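Work through these exercises with the model open beside you. Each task comes with a stepwise solution.

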Amino acid sequence: PINIEGNAETAQVVNLIPWMDYEFRVLASNILGIGEPSLPSSKIRTKEAAPTVAPSGLGGGGGAPNELIITWTPTLRDYQNGDGFGYIVSFRRKGSQAWLRARVPHAESLHFVYRNESIAPYTPFEVKIRAYNQKGEGPESLTAIVYSAEEEPKAAPYRVIAKSVLSSEMDVSWEPVEQGEMTGVLLGYEVGDS
């Protein structure tokens, strides 16, 4: 509270962060001004509560074949709200119904790797994350799209045509690889002679 009656001996302080250490000082004031602050109280920790914010920075991708790597930004101590802090990662192939869930039990963790032989290269997954502690689970993040690991291209461009332009130059053209034939992000082409 900003102003407390002069005969009061207690006050309730609200909107504090759960599971945080605080010290308090009291200052007396009158019409002439504000006096010196008291010595600080002993440190006191607020009670624990379930997390109130979802972890941020959800993303991922890359890794070895048959892997889905999910990453996030570790949650700061100020937002953990209690002991036993960790993450719950939910994911599913895009378009499927059932969500898979994994618990990652360390506050410092910043990724989870799901390995499964049935994961095709560069498959889109819907992923979301929430935090938990010994008091309960927090809110879930928005859903992000993360792709499983890529593989090298399995298809080659077709209808390659080379035309002589000058004695030391040629124009080379081709039909591009269809996106459906790719097992990753197409970065470009290399032209070589044989």
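**Exercise 1. Follow the side chain of T71.**
Task: Which backbone atom does the side chain of T71 reach, and in what setting does T71 sit?

Solution.
- Step 1. The T71 side chain comes to 3.3 Å from the backbone nitrogen of G60. That is a polar contact: a pair of N or O atoms within 3.5 Å, where, within protein, one must be able to donate a hydrogen and the other to accept it, and residues adjacent in sequence count only if both atoms are side-chain atoms.
- Step 2. A word on the source: this is a predicted model, in which local features need pLDDT of at least 70, side-chain atom pairs count only at pLDDT 80 or more, and totals for chains, interfaces and linings use all residues. Residues are numbered from 1 along each chain as its sequence is written, and side-chain values use heavy atoms, with hydrogens and water left out.
- Step 3. Place T71 in strand β6, residues 67-73. Strands (E, at least two residues) and helices (H or I, at least four) are DSSP runs, numbered from the N terminus.
- Step 4. Check exposure. T71 has a relative accessible area of 28% and is partly exposed. Buried means under 20% relative accessible area, exposed over 50%, and partly exposed in between, with a 1.4 Å probe and protein chains only.
- Step 5. List the contacts, meaning heavy atoms within 4.5 Å. Not counting residues up to four places away in sequence, T71 touches G57, L58, G59, G60, L110 and H111.

**Exercise 2. Order the open sheet.**
Task: What is the strand order of the open three-stranded sheet?

Solution.
- Step 1. The order is β5-β6-β9, with antiparallel pairing. Two strands pair if DSSP finds at least two bridges between them.
- Step 2. Find the edges. β5 (56-60) and β9 each pair on one side only.
- Step 3. Read the twist. From one strand to the next it averages 15 degrees. Axes here are lines fitted to C-alpha atoms, for helices over the stretch in contact, and angles run from 0 to 180 degrees between N-to-C directions.
- Step 4. Count bridges. Five of them link β6 and β9. In β9, H111 stands opposite T71.

**Exercise 3. Map the partners of β10.**
Task: Which strands pair with β10, and is β10 largely enclosed or open?

Solution.
- Step 1. Start with β7 (residues 86-93). It pairs with β10 in the antiparallel sense over eight bridges. G86 faces Y132 of β10.
- Step 2. Go to β12 (residues 144-147). Four bridges join it to β10, and the two run antiparallel. F125 stands opposite V146 there.
- Step 3. Finish with β11 (residues 136-137). β10 and β11 are antiparallel, with two bridges. N133 has G136 as its bridge partner. A hairpin of two residues connects β10 to β11.
- Step 4. Judge burial. Nine of the 10 residues in β10 (residues 124-133) are buried, so the strand is largely enclosed by the rest of the structure.

**Exercise 4. Dissect the largest nonpolar core.**
Task: Which residues touch the most other members of the largest nonpolar core?

Solution.
- Step 1. The core has 20 residues, and L68, I70, W72, V89, F91, F112 and V127 touch the most other members. A nonpolar core is a set of buried Ala, Val, Leu, Ile, Met, Phe, Trp, Tyr and Cys residues joined through side-chain atoms within 4.5 Å.
- Step 2. Trace the supply. β6, β7, β8 (100-104), β9, β10 and β12 each give at least two residues to this core. β10 provides the largest share, four residues.
- Step 3. Zoom in on F112. It lies in β9 (residues 111-115) and is buried, with a relative accessible area of 17%. Neighbours within four places aside, F112 contacts L68, I69, I70, W72, V89, F91, A102 and V104.
- Step 4. Compare F91. Its contacts beyond four places in sequence include L68, I70, F112, F125 and V127.

**Exercise 5. Locate N81.**
Task: Is N81 buried or exposed, and which backbone oxygen lies 3.1 Å from its side chain?

Solution.
- Step 1. N81 is in the loop between β6 and β7.
- Step 2. N81 counts as buried, at 2% relative accessibility.
- Step 3. A polar atom of the N81 side chain lies 3.1 Å from the backbone oxygen of A50.
- Step 4. Beyond four places in sequence, the contacts of N81 include P18, W19, E48, P51 and N133.
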